[in-house]
Amino acid sequence: MSSTVVIIGGGPAGLFCALRATEEGRNVVLFEKKPAPGRKLLLAGSGQCNITHDGEIAGFLTHYGDHGAFLRPALMNFTNRDLIAFFAARGLPMKAEPGGKVFPETRRSADVLAVLLAECAARGVDLRCGEPVRTVERESDEFIVRTEKAAVRAGVLVIATGGASYPATGSTGDGYAFARALGQPVTEVAPALAPVYVGAYPFADLAGISFANIALAVYRGGKRVRRQTGDLLLTHTGLSGPGILDLSRSLLPGDELRVTFLPGMNAEEVRKRVADAVAAGGARQVKTVLADLSLPERFVRRLLEIVGVLPGETCARLPKKARNAIAASLAEFPFTVARLGGFDEAMATRGGVALEGINPKTMASKTVEGLYCIGEVLDIDGDTGGYNIQAAFSTAALAARHIAGPRTSR
């Protein structure tokens with residue numbers, strides 16, 4: 001059997017697996033379809049690369065929906081602390097922001113990529129860019145990986161092609177076809193961590209206004225199916241921000257999204273707070289009282305317009321019905337979901353190589369000997385905040401450890 005390891009995909013998972021799978025006598029070949037690797041990594045965190053999250057690694061498990069248990073062995077084998085130490089040892093220290101996001105101190109995704117490429121070069125990885133894989137097949141106990149330039153025989157094949165989001169970076173879902181061709185089951189895929197477009201959107205001209213730490217609830221058929229807290233950003237075309245992106249994985253067209261616009265409160269607490277503030281406002285204008293609740297002035301003006309209150313109206317003259325309408329709008333403003341952003345806007349992909357077909361302790365296929373699937377090609381999508389990139393590195397490290405054997409160092 002060939003001692004060659006072929007890795008398809010030059011993102012963080014593929015590069016990290018490649019550099020850690022090298023050992024004496026083992027040839028590692030990495031195919032990347034784009035002219036240069038790491039295109040999607042360069043976009044991460046708006047080019048600043050939110051590489052992981054601070055805190056204990058056990059706390060990560062709740063940030064992958066229902067799939068945290070699958071990731072436990074990978075995350076415990078190569079933690080956020082291990083990832084930070086890997087880059088620090090190579091001259092790229094990391095820094096945690098107050099909210100827990102971890103970035104390189106230089107705030108440059110390109111520096112993260114440079115470290116990975118330098119390590120691959122130092123360890124003799126055969127990096128072949130601009131050479132897309134056309135087909136993969138299994139023959140006896142080997143894989144045959146074909147490009148337009150070559151046919152490479154490998155004893156081990158690693159699919160690290162990413163998901164289907166940001167297709168311009170090369171993530172076009174190729175890995176799903178390769179997995180299926182080898183008999184590996186793949187679930188239906190859809191965009192994840194995507195912006196939300198809503199019907200009759202009234203805030204198009206307020207793009208850029210954001211709200212931190214507010215409650216977001218999803219109703220389907222009149223019943224609440226999801227509630228979480230997060231940040232919301234108004235855009236020209238709909239809703240975005242970390243809280244909305246995380247919630248988008250649970251949304252369907254036709255769902256009602258109810259937004260509570262005051263931070264740290266539930267809907268009932270907001271109703272009471274707003275009603276009490278207006279009732280005590282006396283001769284003060286309603287918009288001034290609402291602005292005192294730390295609501296943006298432009299947003300307040302639009303909200304009053306929506307509920308039919310004149311701009312100069314005072315609290316004393318405000319009818320009870322209007323007061324209740326204002327309180328209700330700030331407590332549970334209803335948006336009807338029209339659609340989610342597509343793969344060209346989504347930060348991640350929901351679905352992928354089915355987890356039941358992969359051994360979580362090794363990232364190896366349960367049915368195809370020598371096949372490994374790592375990173376976002378798997379049916380895993382985490383919250384925003386560095387969780388997806390951490391999963392890419394952790395699954396890559398676990399696969400490489402199994403491929404290279406006990407001589408691989410941590």
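## Two hairpins around S14

In this predicted model, Phe211 stands opposite Leu232 in S14. That pair is a good place to start looking, since strand S13 (residues 210-220) and S14 run antiparallel and are joined by 9 bridges. The two strands form a hairpin with 2 residues between them. If you check the backbone of the turn, you will find Gly221 there with a positive phi of about 65 degrees.

S14 also takes part in a hairpin with S15, this one with 4 residues between the strands. S14 and strand S15 (residues 239-240) pair in the antiparallel sense over 2 bridges, and Leu234 has Leu239 in S15 as its bridge partner.

## The second largest pocket

S14 turns up again when you look at the empty space in the model. Rolling a probe the size of a water molecule over the atoms shows where such space is left. The second largest pocket holds about 310 Å³ of space. It has 15 lining residues, and the closest to its centre are His53, Lys101, Pro242, Asp246 and Thr384.

Which elements give two or more residues to this lining? They are strand S14 (223-234) and helix H7 (242-247). S14 supplies the largest share, with 4 residues. Sorted by class, the lining of the second largest pocket has 9 polar, 4 charged and 2 nonpolar residues.

## A three-stranded open sheet

Now to a sheet that has 3 strands. This sheet is open, its strands follow the order S3-S5-S4, and the pairing is antiparallel. Strand S3 (52-53) and strand S4 (94-96) stand at the edges with a single partner strand each, so one side of each is left without a neighbour in the sheet.

Between S3 and strand S5 (residues 101-104), the antiparallel pairing runs over 2 bridges. If you would like a specific pair to display, take Thr52, whose bridge partner in S5 is Val102.

## S1 and its parallel partners

Strands of a sheet pair through backbone hydrogen bonds, either parallel or antiparallel. Strand S1 offers the parallel kind. S1 runs parallel to strand S10 (residues 156-159), and 4 bridges join them; Val6 has Leu157 in S10 as its bridge partner. S1 also runs parallel to strand S2 (residues 28-32), again with 4 bridges, and here Ile8 has Phe31 in S2 as its bridge partner.

Where do the side chains of strand S1 (residues 5-8) point? Val5 and Ile7 point one way, Val6 and Ile8 the other way, and all are buried.

## Nonpolar cores

The largest nonpolar core has 82 residues. Ile51, Phe87 and Met363 are those with the most contacts inside it. Helix H12 (residues 387-404) gives the largest share of this core, 11 residues. Apart from it lies another core of 46 residues, including Ile244, Leu257, Val270 and Ala331.

Phe87 is a handy residue to centre your view on. Setting aside residues up to four places away in sequence, Phe87 touches Ile51, Leu92, Met94, Val112, Val115, Leu116 and Phe393.

## Two buried helix residues

Is Glu119, in helix H5 (residues 109-122), buried or exposed? Glu119 has a relative accessibility of 16%, and because the cut-off for buried is under 20%, Glu119 counts as buried. Leaving aside neighbours within four places in sequence, Glu119 is in contact with Leu19, Phe86 and Arg90.

Ala400 is found in helix H12. This residue is buried too, with a relative accessible area of 0%. How many Å separate the C-alpha atoms of Ala400 and Cys315? They are separated by 66 Å, with the two positions 85 residues apart along the chain.

## The chain as a whole

Stepping back, the protein chain has 12 helices and 19 strands. Its C-alpha atoms fill a box of roughly 85 × 40 × 35 Å, taken along the principal axes. Of its 410 residues, 54% count as buried. Among contacts between residues at least 6 apart in sequence, 72% join residues at least 24 apart.

Conventions
Residues numbered from 1 in each chain as written. Predicted model: local features only at pLDDT ≥ 70, side-chain atom pairs only at ≥ 80, totals over all residues. Heavy atoms only, no water. 1 Å grid on protein atoms, 1.4 Å probe; cavity = no way out; pocket = protein on both sides within 12 Å on 5 of 7 lines; lining within 4 Å. Points joined across faces, edges and corners; volume = space filled by probe spheres on them. Nonpolar A, V, L, I, M, F, W, Y, C, P; charged D, E, K, R; others polar. Core = buried A, V, L, I, M, F, W, Y, C linked by side-chain atoms within 4.5 Å. Buried < 20%, exposed > 50% of the residue type's maximum accessible area, 1.4 Å probe, protein only. Contact = heavy atoms within 4.5 Å. Pairing = 2+ DSSP bridges.
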